[in-house]
Amino acid sequence: MQTFVNLSCAALIFLFQVILLLLLLLPNLGFVNYTRVRRMVQQLGIIVVLTCLFSVLNYGVESSGGLSYNFYEKTCPQVENIIRDGLKPVFSSDITSPAALLRLMFHDCQVQGCDASILVDQDSEKNGSSEMTSTKNFAIRQRETISLLKSMVEVACPNQVSCADILIMAAREAVATSGGPRIEVPLGRRDSSSTPSYELANALLPPSTIGVEELLQIFVNKGMSVEESVAIMGSHTLGVTHCLNIKNRLYEGEEGPITGMEHGFEAFLRLSCPKNEESIMSKSRFVLNDPTALGFDNLYYINAMSGHGLLRIDAEMVMDSRTTNFVRRFGSDQEAFFQAFSSAFVKLSSYGVLVGKNGVIRKRCDVVD
């Protein structure tokens with residue numbers, strides 16, 4: 001395809017050069033309106049440049065990394081409708097499922113790219129370990145929903161659509177259904193064919209104690225700008241945070257008031273997540289990420305600016321000179337947040353993916369064939 005684009009542009013440029021050569025001869029022909037022809041040639045030159053530029057940019061959008069916005073146009077054109085219709089009863093029966101699906105997608109993509117490895121169950125005979133045994137995948141849910149969607153897609157389009165793409169489409173629907181932007185995502189990912197590793201998940205999934213420096217290192221390495229890195233954290237506007245993940249900030253840090261946390265909110269969190277509570281209770285207790293935890297909005301940033309952020313990163317982004325302006329902008333302009341989040345979502349979901357002959361299309365999402 002790239003060769004075709006290059007040849008097409010070369011042919012247009014050659015034709016333009018021939019016309020220019022003829023133009024040099026026109027002054028010797030008295031019956032030709034030279035000024036009018038020159039104007040036409042200038043217009044043709046603009047058309048040639050724009051045509052080649054559009055072809056190159058369009059090729060880059062459609063085929064960068066082996067992904068495409070119309071990847072299933074011929075093999076499974078109805079796949080997005082199948083995913084959307086299949087999720088409607090899930091969302092209506094469990095209002096927390098959008099947050100769970102978005103988190104599931106993020107945890108999959110953080111470990112060797114979006115390859116659906118997080119969906120594979122542990123099997124001592126075939127698959128060995130599972131990413132799900134990682135302590136950082138605590139409370140991951142809705143894996144079975146992806147398997148259900150996969151079975152629905154298989155009926156319509158056998159062995160065509162990967163579990164990795166289904167997970168991305170489900171997460172995209174979760175954002176839109178919750179009031180967030182409808183994100184156009186390129187498709188064409190393939191599933192991992194190797195045994196997933198909980199050790200790798202432990203190493204690559206960021207801890208709840210992450211700060212701005214670590215945040216930027218993770219996401220800038222995935223091709224995101226600082227603005228997009230701050231925007232991707234806005235996914236925390238959905239769902240809850242378990243006490244297990246905020247106790248270190250409440251009780252194991254500095255003496256005195258917690259930096260970046262409003263005193264009344266700190267007192268509320270200490271009541272909600274007691275210090276000496278048994279570990280099993282800490283795992284079951286949680287607090288809402290923000291008062292509109294079921295809606296995708298910009299309240300996460302508003303909370304962070306008012307000292308109501310739950311995690312260390314929430315407070316640091318407000319105070320760090322590299323990120324504070326973006327936090328404040330997103331807090332005051334929800335559309336700006338939606339635009340930056342959409343761009344970040346596409347970059348995260350496209351980074352390091354398996355395409356073409358790499359990877360497989362699993363028949364079942366929970367088993368490596």
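## A tour from I218 to helix α4

Select I218 first: beyond its neighbours within four places in sequence, I218 is in contact with Q110, P206 and I210. The model on screen is predicted. I218 belongs to helix α8, which spans residues 212–220. Add S229 to the selection and draw a C-alpha to C-alpha distance: S229 lies 11 residues from I218 in sequence, and the separation in space is 8.7 Å.

Next, move to P206, one of the contacts of I218. P206 sits in the loop between α7 (198–204) and α8. Is P206 buried, partly exposed or exposed? Its relative accessible area is 32%, and P206 is therefore partly exposed, as the value falls between the limits of 20% for buried and 50% for exposed. With neighbours within four places in sequence set aside, P206 is in contact with Q110, K136 and I218. Q110 thus appears in the contact list of P206 and also in that of I218. An unreviewed UniProt entry lists P206 under "binding site".

K136, a contact of P206, leads to the next stop, since H107 is also in contact with K136. Select H107, which is found in helix α4. Beyond four places in sequence, the contacts of H107 are I118, E131, K136, N137, I140 and L205. The relative accessible area of H107 is 13%; H107 is buried because this value is under 20%. The unreviewed UniProt entry lists H107 under "active site".

Now display the whole of α4 (residues 97–109) together with α6 (residues 163–177). How do the two helices pack? Their axes come within 8 Å and cross at roughly 140°. This angle makes α4 oblique to α6, because only angles over 145 degrees count as roughly antiparallel. The crossing of α4 past α6 is left-handed. To see the contact, show the side chains of P98, L101, L102, L104, M105, D108 and C109 on α4, and of L167, I168, A170, A171, A174 and V175 on α6.

Finally, colour the chain by pLDDT. The average over the protein chain is 86, and 79% of the residues score at least 70. Residues 1–7 have pLDDT below 50, and this stretch has 5 contacts in the model beyond near neighbours in sequence. Select residues 53–65 as well: pLDDT stays under 50 there, and the model has 13 contacts for them beyond four places in sequence. Where pLDDT is low, the predicted coordinates should not be read in detail.

Key:
Residues numbered from 1 in each chain as written. Predicted model: local features only at pLDDT ≥ 70, side-chain atom pairs only at ≥ 80, totals over all residues. Heavy atoms only, no water. pLDDT = per-residue confidence, 0-100. Contact = heavy atoms within 4.5 Å. Helix = DSSP H or I, 4+ residues; strand = E, 2+ residues; numbered from the N terminus. UniProt positions renumbered as here; feature names shortened; annotations may be inferred. Buried < 20%, exposed > 50% of the residue type's maximum accessible area, 1.4 Å probe, protein only. Axes fitted to C-alpha atoms, helices over the stretch in contact; angles between N-to-C directions. Parallel < 35°, antiparallel > 145°, perpendicular 65-115°, else oblique. Left-handed = near helix turned anticlockwise from the far one by under 90°.
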